[in-house]
Each structure stands twice: as structure tokens, then as C-alpha cells.
Amino acid sequence: MSAELALLGPILAAMLAAATPLLFAALGELVVEKSGVLNLGVEGMMLVGAVCGFAVAVQTGSSTLGFVAGAAAGAGMAALFGVLTLFLLANQVATGLALTLFGVGLSALIGQGFVGIPIADVPELYIPGLTDLPVIGKALFGQDALVYLALAAVPAVHWFLYATRKGLILRAVGENHAAAHALGYKVIRIRFLAVLFGGAMSGMGGAFLSLDYTPMWAEGISSGRGWIALALVVFATWKPGRVLLGAWLFGGVTIAQLHVQGLGIDIPSQLLSMLPYLATVIVLVVISRDVARIRLNAPASLGKVFHPDA
């Protein structure tokens, strides 16, 4: 096997790992937006999920409890957003931005005592004969459970949204909340549950960063991935399968810039580090040129306030 081909397997494995936190957060936000709610606080929920997951894992020695704690912390942050926007009718955009700022500060406060503390790596899957396959073995059969959980969430979310009655109701609420309310559906309850799910998924993405991808706690560990996840939802035109492709794309860009730096190519490291975010901007600019397509796929009631007495 050539040296270039031997490198392909680790690169593919690293790309899947880099895409996993984006996949968790973007799928959660997709469900939230399908219900008609726009939550821009993904970055803050990821950070709080990351620090809470890391803290619990350090204290208990269990990465599983750490991931559960990360999901719970993200859901808790989302519950705060839901109460403010769905029950108190606060502006969703302003509240989402405030949630991110709150998450940045809260995670830094909680994480002060955990900086530099080592943590055991999450065990990776090993299937004799499959994990040892050249090139694809490590990438497809040597990841940890969270990577496979994120991949399994893609068809699960698609099935829920497009093959179940509850998914149909959630999409109906996102398209026309007044009509859904007239039919007797509990719009606020449905949206609140969707917001909680989105927060839990974002928290899982954050916990994956601090417990698996790094693994360590550092202030601002999400490095803007929450904003990339928000862009992924638009990039995917609110389709779960396209979210997966987009996550792989941005994960590939992230890994590519790391390998370019490792090869010693004479390009400023700051320029290479900005490639994932530059790719996000370029993708959004390209997508925004097709306004008709965005309007066709975006939930019609996205970001609109609903009051049952209105």
C-alpha cells in the first residue's frame, strides 16, 4: 500500500469525528426550526454541554454519564430559551443571541477548575477483521459509539419527520401554527419539546468535543461550531440527509487545513485555521442567491411568535 493510500484511512476517520459535533447540533436545530422556532443559541448550548459533560465525567469517571450530563445541560439551556420565547413571547433572535453570550460566560465560569485536567479516552469500537481492513477499516469500524449514534440520528430524524404522525404534526406547526392550533394541536407544547430536543442534541455535540474529540476542557472549545451548525441547516434546505453531507464537507475542510499545516506548506497558519469559517461564508453567499429555493423549503412560520389567544 502506498504512503498516500495509507494516510487516507486516518484522514477519513478524522473527518467523521470532526463532523460528529456538527451533525448532532445541526440535526437538533433542524427539528427546532421545523417546528417554527429559530434558536440562535446553539453555540452557547454546545459550550455548556461541553463543560458540564466534562465536569461530570471527571467527577464520576464515566464518559457515559458525561454525555448524559452534556445532553441534560443543553436541554436545560434550551428550556430557558423556550420559556422566554414561547411562554413570555420574547424575541427569538435576540433571546438566542443572549443565550449564546450566557453560555459562553457560564461555561467559562464552571470550567475554571477543570482546565488542564486529563481524562481517559472514550473506548473505540473494534471488530476483528473489519476494523483492520485497509483504508476504510478504521474510519467505518473503528470509531466510538457517539460517532455511530450521530450517523444513526440522520435516518431517525428523517423517519420521524416524514414517516410518523407526530412528525407530520410538528411540520404542520412549523408551516402554519394558527391552522394547527385551530385543529386542536398544542402548538406551544410541541414547540417546547422540539426546543428541548434541539438543546439536548447541541449539548451532546458539545460533550463529544470535550470528552472525545479533544479530549480536554478549554474555554471556547466549540470554536464557532454552533454557528456552522446553524449554517448547515440552511445549507441542507432543512433536509436531514443533506445535513449529513454538509457536516462531512465542513469536517473535511477542518481536517484538510490541519493536514496542510502538518505538511509544512508555506501558508500562514491563521489563514488555514479560518478555512472552515470561510467555507461557511462562501456556502451561505451561494445559497442566498437562490432566494426562491430558500423560501420554498424554509418552514413558513419560522421565527414567528404564536399566542393562542391572538
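**Exercise 1. Locate W238 and T237 and describe their backbone and burial.**

Solution. W238 is placed in the loop between α10 and α11, where helices are DSSP runs of H or I with at least four residues, strands are E runs of at least two, and both are numbered from the N terminus. The model is predicted: local features need pLDDT of at least 70, side-chain atom pairs count only at pLDDT 80 or more, and totals for chains, interfaces and linings use all residues. Residues are numbered from 1 along each chain as its sequence is written, and side-chain values use heavy atoms, with hydrogens and water left out.

Step 1: the phi of W238 is near 60 degrees, a positive value in a residue other than glycine. Step 2: W238 has a relative accessible area of 3% and is therefore buried; buried means under 20% relative accessible area, exposed over 50%, and partly exposed in between, with a 1.4 Å probe and protein chains only. Step 3: T237 lies in the loop between α10 (225-235) and α11 (240-262). Its phi is also positive, about 45 degrees, although T237 is not a glycine. Step 4: with a relative accessible area of 4%, T237 is buried.

**Exercise 2. Characterise the aromatic pairs F54–F114 and F87–F192.**

Solution. A pair of aromatic rings is described by the distance of the centres and the angle of the planes. The rule takes rings of Phe, Tyr and Trp (its six-membered ring) with centres within 6.5 Å; planes under 30 degrees apart count as stacked, over 60 as edge-to-face and the rest as tilted.

Step 1: this rule gives 3 aromatic pairs. Step 2: one of them joins F54 and F114, at 6.4 Å centre to centre with 90 degrees between the planes, and is edge-to-face. F54 belongs to helix α2 (residues 42-60) and F114 to the loop between α4 and α5 (136-141), so that the pair links distant parts of the chain, 60 residues apart. Both F54 and F114 are buried.

Step 3: for F87 and F192, the centres are 5.7 Å apart and the planes stand at 70 degrees, so this pair is edge-to-face. Because F87 lies in helix α3 and F192 in helix α9 (residues 187-213), the pair ties together parts 105 residues apart in sequence. Step 4: F87 is partly exposed at a relative accessible area of 47%, whereas F192 counts as buried at 19%.

**Exercise 3. Determine the composition of the nonpolar surface patch.**

Solution. Step 1: the members are L80, V83, L84, F87, L88 and F102, with about 530 Å² of accessible area together. Patches take residues with over 30% relative accessible area and no salt bridge, joining like charges within 9 Å and nonpolar side chains (Val, Leu, Ile, Met, Phe, Trp, Tyr) within 5 Å. A salt bridge is a side-chain nitrogen of Lys or Arg within 4 Å of a carboxyl oxygen of Asp or Glu. Areas come from the Shrake-Rupley method with a 1.4 Å probe; for residues, only the protein chains shown count as cover.

Step 2: helix α3 (residues 63-87) supplies the largest share, 4 residues. Step 3: L88 sits in the loop between α3 and α4 (92-110), and L88 is exposed because its relative accessible area is 59%.

**Exercise 4. Summarise the protein chain.**

Solution. Step 1: the chain has 14 helices and 0 strands. Step 2: of its 310 residues, 47% are buried. Step 3: the accessible surface comes to about 14200 Å², and 70% of that belongs to carbon and sulfur atoms.
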